[in-house]
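Colleague: I would like a close look at a single part of this model. Please take the loop residues as the starting point and work outwards from there.

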Amino acid sequence: MMSEERTTALQYLKTVRGQVDGIIKMIQDDRYCIDVANQVLAAQSLLRKAELAILQGHLRHCVKEACMANNPDEKIEELNRILEKLLAK
């Protein structure tokens, strides 16, 4: 069974897919640049929400399991690497 976080992330990503298709059509239809840029920002916001849901699921499941198995080092290092990437944005 899929976790709540993965279900949420999938919903966000499916919405983004539709938004990207809409943005492509807007560009093809020569729509106003600011309107296109606003839609790009909205898609980016949903991607960030999907990313957060995925990371929350990772913490609640994968990291928790590793800690309970007394082997958290690998998962902590994975989180450190992804946090470095997030903070570098």
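Is Asp30 buried or exposed, and at what relative accessibility?

Modeller: This is a predicted model, and what follows should be read as such. Asp30 has a relative accessibility of 68%, so it counts as exposed, the cut-off being over 50%. The residue sits in the loop between helix 1 and helix 2. Its backbone deserves a note: phi of Asp30 is positive, about 60 degrees, although the residue is not a glycine.

Asn70 can be described in similar terms. Asn70 lies in the loop between helix 2 and helix 3, and its phi is near 60 degrees, a positive value in a residue other than glycine. At 69% relative accessibility, Asn70 counts as exposed.

Next come the helices that these loops join. Helix 1 covers residues 4-28, and helix 2 covers residues 33-68. A salt bridge links these two helices: the side chains of Glu5 and Arg60 meet at 2.9 Å, N to O. Glu5 belongs to helix 1 and Arg60 to helix 2, so the pair, with the two positions 55 residues apart in numbering, ties together distant parts of the chain. The partners differ in cover: Glu5 is buried, with a relative accessible area of 11%, whereas Arg60 is partly exposed at 47%.

Helix 2 also contributes to a nonpolar surface patch. Ile54 is found in this helix and is partly exposed, with a relative accessible area of 47%. Together with Leu13 and Leu47, Ile54 makes a patch of about 250 Å².

On the far side of the Asn70 loop is helix 3, which spans residues 73-87. Two salt bridges here can be described in turn. In one, Glu78 pairs with Lys75, the closest N and O atoms being 3.7 Å apart. Because Glu78 and Lys75 are three residues apart in helix 3, they are separated by about one helical turn. Glu78 is partly exposed, with a relative accessible area of 25%.

In the other, Arg81 pairs with Glu77, with 3.8 Å between the closest N and O atoms. Arg81 and Glu77 both lie in helix 3, four residues apart, about one turn of the helix. Both count as partly exposed: Arg81 at 43% relative accessibility and Glu77 at 39%.

The structure holds four salt bridges, among them the Glu5 and Arg60 pair and the Glu78 and Lys75 pair.

Methods. Residues numbered from 1 in each chain as written. Predicted model: local features only at pLDDT ≥ 70, side-chain atom pairs only at ≥ 80, totals over all residues. Heavy atoms only, no water. Patch = residues over 30% accessible without salt bridge, like charges linked within 9 Å, V, L, I, M, F, W, Y side chains within 5 Å. Areas by Shrake-Rupley, 256 points an atom, 1.4 Å probe, with all protein chains shown as cover. Buried < 20%, exposed > 50% of the residue type's maximum accessible area, 1.4 Å probe, protein only.
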